[in-house]
Structure formats: structure tokens, C-alpha cells
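This report describes selected features of a structural model for a reader at the bench. The sequence and the coordinates are shown first, and the description follows.

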Amino acid sequence: MNNYDNSGKITFDAIVIGAGLAGSAAAMIMAREGLNVALIERGNKPGAKNYFGGAIYTHAIEEVLPGFMDLKPPFERPVTEAGFWFLSKDGMMRASVQGGKLEKEPYDAYVTLRAAFDPWWAEQAQAAGAFLIPKTTVIDFIRDDDGHGQVIGVVTDRPQGEIYAPVVIICEGVNNLLTQKLELIGRDLEPAHTALAFKQVISLSPQLVNSRFGLPDNSHGLAVSVVGDVSLGLPGMGFVYTNKGSVSVGLGVMLDVLAEYRLKPYEILERYLKHPAIAPLVEGGQLLEYGAHLIPEGGWRDMPDVYTGGVMVAGDAASMVNALHWEGTNMAMIAGKLAAETAIEAHSRGDFSAKTLSRYEDRLRERFILQDLRQYRNFSKFLEQHPEFMEVYPAFLNDALGGFFSAYGKPKRQLFQEILGALTDRRGIFKAAGDIVSMGRAVMGW
Amino acid sequence: MKRNDAFGTRELPEELQESLQDVYVDDLLVTLKYFVDENQPHLWIEDQDICARCQHKPCLYFCPVNVYSLAYDGTIQVSYQACVECGSCRVACPYTNIGWVLPRGGYGVAYKFG
């Protein structure tokens, strides 16, 4: 492959910044159409910088890479049980679904570890012909000097590190400093819209994972959100995912809350792991890895402009996260694909202007990505304004069900009054009704 | 310019505060793989005088790997070698007083599990 043009510049048809879920998807699609693609990754290999819960959705992988299961993706377990665990101070109520559609192939989602998945995902881009450049950080852009200043390449931290291309797709992740440099958004991340997620991967034998989490065998897995006491009743949410021979246990808490209360993330996590309902699940396990990552939970209201002349932005860098549904990986992959399709179209026209690349935003709008982000645009604000969803209701659910399933030797009428009383003491019946309405409003986007 | 007056000012109920578990952070850090760039710190304090005037110093708490600590002379010490490049400090320093760039290509944290 000769990437030097007549003047000795290194030139590609397209540059992708970041070999994560969005970036490798974009590179794969463009390379498959015959474009000469540079896929630049700052880590020593793809995935080195990535940390998530988490699970990956198959609908997105299939859309980018049809028939991907034949290529042996490094999954941990399919998600065959999903739900919520409500933690009170010393108890837990579980609400989860299993069986039915979750049991059937093709599975909707797989529990995954990124240090294994992302290299495989990038390999698929390489197999399609993309050129992976690892250990390389992009620090700036090259602008056309014709007066418009359109981006025509990137500056990396390598000696003579300029690389030229008529179109650059930025998939730099949550710390979107390059996106900010291009003034596609006028501010850095807002602590009140950003969650700091931190987790431990804890080793357990596959047999112990199965028996402790009620899974019949290694081809069953669990993905749950944990609310309530897990985040000290503050805005935040925990999670548990079963890997093959380990479990991922962690939580996300809004960054402004951590700063306001001066909380140490690892102390909250340790408290969570010592919770009487959680500790037996991980007992005897050995810590394999601890880590932390930001999640841009502002969604719609923090989205940058996703295109300008010669540039498109996809994934976390563009705040493509649906915080309530833990979606983000799927949006990243599909947005990467849509950006790639737009780049292919631009190449066929020989026009990389903002006008041509605006088709990327049209494509996002036609799909669930912009529709969902718009619908949920008020949801993170809702949680800020309704802390009771993190504190009061999980505790109430525990008390109520605990009461329901206990005998106590007293009349049932009195018991139900006590259960209702447990809610009204905490919140007030009209307030509670109002909470339900405003939650509906936040979710439905009214 | 101060970003958020509420940082450091709120308190948990005593019972919750006491329920937090002490952690020896080095026990967590030993599980992480790093390629440390000895020549070029990618984090720094822009102006120690601003830190000296910062009443609550939330960076001493929210950093998930305890990069920031108070030195004997009262200045903020930056152990950039432990950084997992999450970005919290850049975003949540009340005075935007933390210099933050990505490590040079290939350096910094390299997750083994992710």
C-alpha cells in the first residue's frame, strides 16, 4: 500500500480517530467499499483505554458485520437474565426477566470485556483493508489554507506525524478534546451531566458464577442494574454482569455529586461489595482489575455538532448515550457506520463540504439514535430533580415486599395499611403519584 | 473563576458516612497495567496558589485512583503515573486548574480486562 502522494505527504482516503466501537465500525465499512482508511489508536492496542459494564448488543454488530458469529467474537456469556436489583440498607428485592426471548439465539446481548472485544473488532476492520496505526495520539488537525480552513488531515505525536485525508471521523471517546478544538461544542463536559463509573472485575470459577447467580451453565449470563443503597441514595446506579470466570461489579455516580460530598469512588464501591446481599456473591473471589471511566449522560443536551467540513463525530465523543437503558455501545457502532456511509457518498461525489456531510445527521435522525436521544432529553434532569427514585422507592419496595411475605400474626388489613404507611411516611401519596407522572414524562419525552 | 460553589459543601448523614469502607488504594492499583511516560507528565497543576486558596479540594476525593494528594508543604502533589485517563479531574476541578492532556501514544493505562 503506497500512502505517499506526489508531494511526499502521507495521504489516505479517510482517517478514523480511535479504534473503539464507533471507530472500528466506521473503518470497517469504508475499507469494505475500497477506501484507503487509517485507523489511529492511542493505546498500545485497541481496547487498552476502554472500560465499561458491560454488555454489547448484537443488533448493532450484525448491522455492521453481518454473520459476525462465524468470526468467533470473544464474548463472555449471552445475557439470558436481565433486570433490576433494589438494595435497601440490609436487604435486596430482585426484579428480573429470564427465559423466553432472552433464551433464544440469536441472543440480544452478550456480556463482554473490552480488552478482548475491541482488538477483535479492530481486526475485522483490518481484515476489510483498514490500516491500524496504534500507539499514536492525534493532537491537532491540519486545515486547508484556502480561507475556509476545512480539515484536511491530522497531526499526531509521531515525528513527521502529519496524515492527510479529505475526511476525518472523530471517535475519540468521552474526553472529546479534539471535538472541542474544532469548536463543534463550546464547552467541556459538565460534571452534573457526567457519571464516573468504576468497577472491579472479580475472579470466580465458572461453576461458582453459575451456582451463585442461579445460572444453569456457562452459556447463561446475568446483566442487572442495581439501585438504592448502592449509591448511598445519591444519583447513581450500580451494575452486576457475569463473565465466564469472573463477575464485573461496579457503579456510576454523577461527578458533581462525588465532588459536592467529597466521596471517594473506591470507598463507595467497597461498601457496595460488603453489602449483605452482595458480599456472598463475590466472597472468596480475587480482584483481577479495578478501573474507572466517564460516561457522558447528558445525551441530547450535550451533543456537539456532529459534522463540519471534512469531519464527522460519533460515539461517546458525540454524547451518544441513553443513560436509562445503558445504551451507548450500540449507538456508537451504528453511528460509526452511518458516518462511514456518508464518507463513502462524499468520496463518490468528490465533495467533503459540510453540506454533503450533513447527510450524516439526517441518517442519525432516521434511526433510533437521534430519536431516542431526543425522547430521553429530559431524563437525566429528571433524576437530578427527583432523588427519591434513588433512595425512597428502593427502600420502600424492600419493606413492602418483606412485609407482604411475612406472617407476623396480625390482620392483613393492618399489614397493608403499614405498607402504604411505609410509603406515605417517606414520600406522601400525592407526591408519589406525581413522581410517577413526571417519570413517565421524562421517559416518553413529553 | 469558580465553577461550582457546592463542591465540597455537602455532607452525608453520619450513619452513611461511617458506612463507607476504608480502602488501601495501592491494592487496587497493583491490578492495573501501565506504560509510564517518565519524561512527560500528562497531568499538572496550573497554579498551586489557586489550590492553596481552594477551600474544599474535592480532587483529593473524587479521583478514582487517588492521583492527587496533599504534600507536607500543603501543595497538591500529582501522581500522574497512576492515572487511568478518565478525565474527572479536568472536568470537576472547581477552578479548572488542572492541566490535562492525553499521554503520548502507547503510554498510560492499558486495561487487561476492561
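## Helix packing in chain A

In this predicted model, helix 13 and helix 14 of chain A are roughly antiparallel to each other. That description follows because angles over 145 degrees count as roughly antiparallel, and the axes of helix 13 (residues 392-404) and helix 14 (residues 412-426) of chain A cross at roughly 170°. The two axes come within 10 Å. On the side of helix 13 of chain A, the residues that meet helix 14 of chain A are Val392(A), Phe396(A), Asp399(A), Ala400(A), Gly403(A) and Phe404(A). Helix 14 of chain A contributes Leu415(A), Glu418(A), Ile419(A), Ala422(A), Leu423(A) and Arg426(A) to this contact. Sorted by class, the contact of these two helices comprises eight nonpolar residues, one polar residue and three charged residues.

## Sheets of chain A

Seven strands of chain A form an open sheet with mixed pairing, in the order 6-5-14-15-16-13-17. Its edge strands are strand 6 (92-98) and strand 17 of chain A, each of which pairs on one side only. From one strand to the next, the twist averages 15°. Strand 5 (residues 81-87) of chain A runs antiparallel to strand 6 of chain A and is joined to it by seven bridges. Within strand 6 of chain A, Ser96(A) is the residue that stands opposite Gly83(A). Helix 7 of chain A lies across strand 13, strand 15 (236-242), strand 16 (246-254) and strand 17 of chain A. The angle between helix 7 and strand 16 of chain A is about 130°.

A further open sheet of chain A has three strands in the order 9-10-11, with antiparallel pairing. Strand 9 (138-143) and strand 11 (162-164) of chain A are the edge strands, and each pairs on one side only. With direction ignored, neighbouring strands of this sheet are turned by 30° against each other on average. Strand 10 of chain A is largely enclosed by the rest of the structure, because five of its six residues are buried. In the hairpin of strand 10 and strand 11 of chain A, five residues lie between the strands, and Gln160(A) takes a positive phi near 45°.

The antiparallel strand pairs described here are listed below, each with a pair of residues that face one another.

| Strand pair (chain A) | Bridges | Opposed residues |
|---|---|---|
| Strand 5 and strand 6 | Seven | Gly83(A) and Ser96(A) |
| Strand 9 and strand 10 | Five | Phe141(A) and Val154(A) |
| Strand 10 and strand 11 | Three | Val155(A) and Glu162(A) |

## Nonpolar core

In soluble globular proteins, nonpolar side chains tend to be buried together. The largest nonpolar core of the model has 167 residues. Those with the most contacts inside this core are Ala26(A), Leu39(A), Ile169(A), Ala314(A) and Ala335(A). Helix 9 (residues 329-349) of chain A provides the largest share of the core, 10 residues. Leaving aside its neighbours within four places in sequence, Ala314(A) is in contact with Ala22(A), Ala26(A), Ile169(A), Cys171(A), Ala332(A), Ala335(A), Gly336(A) and Ala339(A).

## Chain B and its interface with chain A

Chain B has five helices and six strands, and from the N terminus on its elements run α-α-β-β-α-α-β-β-α-β-β. Its C-alpha trace spans about 40 × 35 × 25 Å along the principal axes. Of the 114 residues in chain B, 33% are buried. Among contacts in chain B between residues at least 6 apart in sequence, 69% join residues at least 24 apart.

Between the two chains, 49 residues of chain A are in contact with 41 residues of chain B. On the side of chain A that touches chain B, the elements giving two or more residues are helix 3 (114-127), strand 13 (194-203), helix 6 (255-261), helix 7 (265-273) and strand 17 (286-296) of chain A. Strand 17 of chain A supplies the largest share, eight residues. By class, the residues on this side of chain A divide into 24 nonpolar, 10 polar and 15 charged. Strand 17 of chain A thus appears in two parts of this description: as an edge strand of the seven-stranded sheet and as a contributor to the side of chain A that touches chain B.

Technical notes
Residues are numbered from 1 along each chain as its sequence is written. Chains are lettered from A and ligands numbered from 1 in the order in which they are written. This is a predicted model: local features need pLDDT of at least 70, side-chain atom pairs count only at pLDDT 80 or more; totals for chains, interfaces and linings use all residues. Axes are lines fitted to C-alpha atoms, for helices over the stretch in contact, and angles run from 0 to 180 degrees between N-to-C directions. Helices (H or I, at least four residues) and strands (E, at least two) are DSSP runs, numbered from the N terminus. Angles under 35 degrees count as roughly parallel, over 145 as roughly antiparallel, 65 to 115 as roughly perpendicular and the rest as oblique. Two residues are in contact if their C-beta atoms, placed from the backbone, lie within 7 Å. Ala, Val, Leu, Ile, Met, Phe, Trp, Tyr, Cys and Pro count as nonpolar, Asp, Glu, Lys and Arg as charged, and the others, Gly among them, as polar. Two strands pair if DSSP finds at least two bridges between them. A nonpolar core is a set of buried Ala, Val, Leu, Ile, Met, Phe, Trp, Tyr and Cys residues joined through C-beta atoms within 7 Å. A residue is buried if 20 or more other C-beta atoms lie within 10 Å of its own, exposed if 12 or fewer, and partly exposed in between; C-beta atoms are placed from the backbone.
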